[in-house]
Amino acid sequence: MFAVIKTGGRQYRVVPDDVLEIGKIAGDVGTIVQLGEVLVLGGDTPVLGLPLVAGASVAAEVLDHKRGPKVISFKKRRRKNSKRKRGYRDEITLIRVTEILADGKAPTIGPRPKREKPVVTAPVDGDEAPAKKPAAKKAAAPKAAAEKKPAAKKPAAKKKPAAE
């Protein structure tokens, strides 16, 4: 089953477990939000909205809030000594679609649990930590022949002026 949703003035075709970057929406990281503007519900019997499908929504988990790439707007009027440079970065929300809902149902799937980082404990006095080997020293790389300096030249002997 798929759906076509509208958010932030853009339309997206989504299926469950899709990860999207959309314009910023309200919601804390790790919460479930419902996107209510569903234009099409696809599947065995597609349902087209006029303009929206009544009672349909898409549940999505907010993964992150971040900023998009830098966009630079540069305007120049030739021969007028006039130019303007402005830039901006869009605010973006990263979401994962959890389920597509029809007939006004509420979301049943909650946010995914966060992955826990493995905890490294320091050895206690009674425990013996494995002995670390000293780091091996690397041999110096041989210098290339081009890097050698040429032999210093001896100054030329000064000629004595001839006596006239």
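Let me begin with one residue, Ser-57, which, leaving aside residues up to four places away in sequence, touches Gln-34, Leu-35, Gly-36, Val-38, Ile-100 and Leu-101. Please keep in mind throughout that what we are looking at is a predicted model. Ser-57 belongs to strand 7, and its side chain makes a polar contact of 3.2 Å with the side chain of Gln-34. Is Ser-57 buried or exposed? With a relative accessible area of 9%, Ser-57 counts as buried, because the cut-off for that class is under 20%.

From that residue, let me step back to the chain as a whole. The chain has 8 strands and 0 helices, so that, read along the sequence, the pattern is β-β-β-β-β-β-β-β. Of the 164 residues in the chain, 22% are buried, while the accessible surface comes to about 14300 Å², with 54% of that belonging to carbon and sulfur atoms. If we take the contacts between residues at least 6 apart in sequence, 63% of them join residues at least 24 apart.

Now to the strands around Ser-57. Strand 7, residues 57-77, runs antiparallel to strand 8, and 18 bridges join the two. Within that pairing, Arg-77 has Ser-82 of strand 8 as its bridge partner. The hairpin formed by strand 7 and strand 8 has 4 residues between the strands, and there Arg-79 takes a positive phi near 60 degrees.

Strand 7 also pairs with strand 4, again in the antiparallel sense, over 4 bridges, and here Ile-32 has Glu-61 of strand 7 as its bridge partner. Which residues of strand 4 point to one face and are buried? They are Val-33 and Leu-35, whereas Ile-32 and Gln-34 point to the other face and are not buried, as the side chains alternate along residues 32-35. In a regular strand, side chains do alternate between the two faces of the sheet. Gln-34, then, is the residue whose side chain meets that of Ser-57 in the polar contact I mentioned at the start.

Strand 8, residues 82-101, has a further partner in strand 3, residues 19-23, with 5 bridges in the antiparallel sense. In this pairing Glu-21 stands opposite Leu-94 of strand 8.

Let me turn next to the open sheet, which has 4 strands in the order 2-1-5-6, with antiparallel pairing. Its edge strands, each pairing on one side only, are strand 2, residues 10-14, and strand 6, residues 47-48. Strand 6 is joined by 2 bridges to strand 5, residues 38-42, and the two run antiparallel; Val-40 has Leu-48 in strand 6 as its bridge partner.

The loop between strand 5 and strand 6 contains Gly-43, which at 46% relative accessibility counts as partly exposed. How many residues separate Gly-43 and Met-1 in sequence? They are 42 residues apart in sequence, yet 4.6 Å apart in space, taken from C-alpha to C-alpha.

I will finish with the aromatic residues. A search of the whole structure for aromatic pairs finds 0. There is, however, a charge to mention over a ring: Arg-13 lies over the face of Phe-2, at 4.3 Å from the ring centre.

Technical notes
Residues numbered from 1 in each chain as written. Predicted model: local features only at pLDDT ≥ 70, side-chain atom pairs only at ≥ 80, totals over all residues. Heavy atoms only, no water. Phe/Tyr/Trp six-rings, centres within 6.5 Å; stacked < 30°, edge-to-face > 60°. Lys NZ or Arg CZ within 6 Å of the ring centre and 35° of its normal. Pairing = 2+ DSSP bridges. Buried < 20%, exposed > 50% of the residue type's maximum accessible area, 1.4 Å probe, protein only. Polar contact = N/O pair within 3.5 Å; in protein donor to acceptor, adjacent residues only side chain to side chain. Contact = heavy atoms within 4.5 Å. Areas by Shrake-Rupley, 256 points an atom, 1.4 Å probe, with all protein chains shown as cover.
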